[in-house]
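Reader: I'm new to this one, and I'd like to know what stands behind the labels people put on it. Can we go through them together?

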Amino acid sequence: MREPGSKTNPLDPALEELLKRAREAAQRAYAPYSKFRVGAALRLKSGEIVTGTNVENVSYGLTICAERTALVRAVAEFGPDIRIAAVAVANLNDAASPPCGACRQVLAEFALPEAPVVFPAADGVRTMAFRDLLPLAFEMKLK
Ligand code: ZN
């Protein structure tokens, strides 16, 4: 079965720029333990771009991923009403790195369903709509 999402080759210029910003962010990763250097870039609906890197900790479970670092920066800088219009993830290890499950759930709080998410997959750079990356995200809808 073919996985959802498609390789977009070439990427549209706006996503290519976002991916470039993610690669640049990966240069600043703090990854002394895994040596897996990841960068993420979020384009907000307002047009702003916010980047993040993974930040590891000697107590491994306290490590935070690049995507969540970017998201926390975005909220801290632009407030709680932000909406994420696009996401790019890159790493300097030439490895597949789709956003992990924790990051998908955290991004779901702010991501537009149609937001493209660009990331390195086993078969090259892949782009998927956020809604396809995390179907059935946990939501709290009280009655
Ligand atoms: Zn993650």
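Author: Sure, and keep in mind that this is a predicted model. Let's begin with the largest nonpolar core, which has 24 residues. Those with the most contacts inside it are L42, L44, I84, F119 and F130.

Reader: What makes that set a nonpolar core?

Author: Two conditions: its members are buried residues of nonpolar kinds, and they are joined through side-chain atoms within 4.5 Å. L42, L44, I84, F119 and F130 belong to that set. The elements giving it two or more residues are β1 (38-44), α2 (66-78), β3 (84-91), β4 (116-121) and α4 (130-133). There's also a second, separate core of 10 residues, including L11, A22, A86 and A90.

Reader: Which residues does F130 touch, leaving aside its neighbours within four places in sequence?

Author: F130 is in contact with R104, L107, A108, A111, L112, P113, A115 and V117.

Reader: Why are C65, C100 and C103 called donors of the zinc ion?

Author: A donor here is an N, O or S atom within 2.8 Å of the metal. The SG atoms of C65, C100 and C103 sit at 2.3 to 2.4 Å, so they pass that cut-off and count as donors. Along the chain, the donors follow the spacing C-x34-C-x2-C. Water is not among the atoms, so a site may look incomplete.

Reader: Why is C103 called buried, while C100 is called partly exposed?

Author: Buried means under 20% relative accessible area, and exposed means over 50%. C103 has 0% relative accessibility, so C103 counts as buried. C100 has 32%, which falls in between, so C100 is partly exposed.

Reader: How do you know that the buried residues of α3 line one face of the helix?

Author: In α3 (residues 101-108), the buried ones are C103, R104 and L107. Looking down the axis of α3, they fall within an arc of 105 degrees, so they line one face. What covers them includes β1, α2, β3 and α4.

Reader: How do you know that the span of α2 is close to the expected one?

Author: α2 has 13 residues and reaches 18 Å from its first C-alpha to its last, close to the 18 Å expected at 1.5 Å a residue. Its buried residues are A66, E67, T69, A70, L71 and A74, and what covers them includes β1, β2 (49-53), β3 and α3. After α2 comes G79, with a positive phi near 95 degrees.

Reader: And how many disulfides does the structure hold?

Author: Zero. To count as one, a pair of cysteine sulfur atoms has to be within 2.5 Å.

How values were computed: Residues are numbered from 1 along each chain as its sequence is written. This is a predicted model: local features need pLDDT of at least 70, side-chain atom pairs count only at pLDDT 80 or more; totals for chains, interfaces and linings use all residues. Side-chain values use heavy atoms; hydrogens and water are left out. Donors are N, O and S atoms within 2.8 Å of the metal (3.2 Å for Na, K and Ca); water is not among the atoms, so sites may look incomplete. Buried means under 20% relative accessible area, exposed over 50%, partly exposed in between (1.4 Å probe, protein chains only). Helices (H or I, at least four residues) and strands (E, at least two) are DSSP runs, numbered from the N terminus. Contact means heavy atoms within 4.5 Å. The arc is that of the directions from the helix axis to the C-beta atoms. The expected span of a helix is 1.5 Å times one less than its number of residues.
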